[in-house]
Amino acid sequence: MAPCWNHSDETTEFILAGFPNLNGTGVELFSMFFLIYLLTLTGNVLIVGVVGADHRLQTPMYFFLGNLSCLEILITSVIIPKMLSNFLSKQHTISFAACIAQFYFYFFLGASEFLLLAVMSVDRYLAICRPLHYPLLMSGAVCVRVALACWVGGLLPVLGPTVAVALLPFCKQGAVVQHFFCDSGPLLHLACTNTKKLEEADFVLAFLVIVSSLAITAASYGQIVLAVLRIPSASGRHKAFSTCTSHLMVVTLFYGSAVFLYVRPSQSGSVDANWSVTVITTFVTPLLNPFIYALRNDRVKDALKDLFRKAVAELSANSFILESLRKKTVS
């Protein structure tokens, strides 16, 4: 067995392997992923801002979309900034404490997002299939409680596995995390002890969170599809299906990659394939979600246009005031 290091040692750290099959210099990779990160932040910040600023978007659907965008901002910010710094650094190291923190926040935010996606699908089901009861069932107070439950539902269950991973003895030799961040499988792969029970506990937790939320999402969208098929107007059916199809595409990508990565009894033996699939949940879906869920929506586009006009008008007014003050000062 390889020697292990003590967690109290100040020099304890891991090396992040990054993207093993990605060609390009550090600056080129930094530029590419920084652009992706910037676009992701811009799209999701716009959604949060416009939902909070425009009274027309003060509805349950947009409230949950705002929460989803907050989660996307946080989950990408947990991973990408450290990865970007590694592209420009010769030493791709991460401290033990930072690695465990990254591990915790990634899974906490990811679990919250699964729960929120299930809630959003139920919200759409109630709006389409139970329109008369919808205002009562999804009142403002109910929405706040449900959203809070999603955040707490991701926050608490991940604490146990995180503490268990933090207490594992890790091998000194070859302490290279075969990933671009501190994911579960690659970390367990470095442990100097048998991690079978911990992997089984992770499997049960992942199954409960991912598969249960997937079942709720699939059932809700199934009922929505049946309701759409009963719409007499062909144009109405086409519009509804185009919206549902785009939503289902993102949900399928997100759930499919998560099931592949985490809903299996053993994770430590499947290190090599993890990084390529994780790209979908870390980069692709956070980038697509603002466009799929909101920016293709006419109401959101109108709200963004109004917000832009107000910003331009205020900027012009401030510029005029400053110019007037400058002229008075000169005279």
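Helix 3 (96–129), helix 5 (140–155), helix 8 (196–229) and helix 9 (234–262) each contribute two or more residues to the lining of the largest cavity in this predicted model. Helix 3 provides the largest share of that lining, with six residues. The volume of the largest cavity is about 360 Å³. Its lining comprises 24 residues, of which Phe 107, Ala 111, Ala 206, Ile 210 and Tyr 262 are the closest to the centre. Sorted by class, the residues lining the largest cavity are 17 nonpolar, six polar and one charged.

The search of the whole structure returned three cavities of 30 Å³ or more. The second largest has a volume of about 110 Å³. The second largest cavity is lined by Met 61, Phe 64, Leu 65, Leu 117, Met 120, Ser 121, Asp 123, Arg 124, Tyr 221, His 247, Val 251 and Tyr 293. At least two lining residues come from each of helix 2 (60–87), helix 3 and helix 9. Here, too, helix 3 supplies the largest share, amounting to five residues. The class composition of this second lining is eight nonpolar, two polar and two charged residues. Helix 3 and helix 9 thus each supply at least two residues to the lining of the largest cavity, and each also supplies at least two to that of the second largest.

Aromatic contacts were examined next. A total of 17 aromatic pairs was counted. In one of them, formed by Phe 114 and Tyr 255, the ring centres are 5.2 Å apart and the planes meet at 45 degrees, so the pair is classed as tilted. Because Phe 114 belongs to helix 3 and Tyr 255 to helix 9, this pair ties together parts that are 141 residues apart in sequence. Phe 114 and Tyr 255 are both buried. Tyr 255 also pairs with Phe 254; the centres of these two rings are 6.4 Å apart and their planes lie at 75 degrees, so this pair is edge-to-face. Phe 254 is buried, as is Tyr 255.

One aromatic cluster is formed by Phe 103, Tyr 106, Phe 107, Phe 181 and Tyr 262. Two members of this cluster, Phe 107 and Tyr 262, are also among the residues closest to the centre of the largest cavity.

The packing of helix 6 (residues 159–166) was also considered. Within this helix, Pro 161, Thr 162, Val 165 and Ala 166 are buried. These residues span an arc of only 135 degrees around the axis and therefore lie on the same side of helix 6. The buried residues of helix 6 pack against helix 3, strand 4 (170–171), helix 7 (184–189) and helix 8. Of these partners, helix 3 and helix 8 also contribute to the lining of the largest cavity.

A further buried position was found in helix 1 (residues 26–53), where Asn 44 is located. The relative accessibility of Asn 44 is 0%, and the residue therefore counts as buried, the cut-off being under 20%. When neighbours within four places in sequence are left aside, Asn 44 is in contact with Ser 69, Glu 72, Ile 73, Pro 286 and Pro 290.

Key:
Residues numbered from 1 in each chain as written. Predicted model: local features only at pLDDT ≥ 70, side-chain atom pairs only at ≥ 80, totals over all residues. Heavy atoms only, no water. 1 Å grid on protein atoms, 1.4 Å probe; cavity = no way out; pocket = protein on both sides within 12 Å on 5 of 7 lines; lining within 4 Å. Points joined across faces, edges and corners; volume = space filled by probe spheres on them. Helix = DSSP H or I, 4+ residues; strand = E, 2+ residues; numbered from the N terminus. Nonpolar A, V, L, I, M, F, W, Y, C, P; charged D, E, K, R; others polar. Phe/Tyr/Trp six-rings, centres within 6.5 Å; stacked < 30°, edge-to-face > 60°. Buried < 20%, exposed > 50% of the residue type's maximum accessible area, 1.4 Å probe, protein only. Arc of directions from axis to C-beta. Contact = heavy atoms within 4.5 Å.
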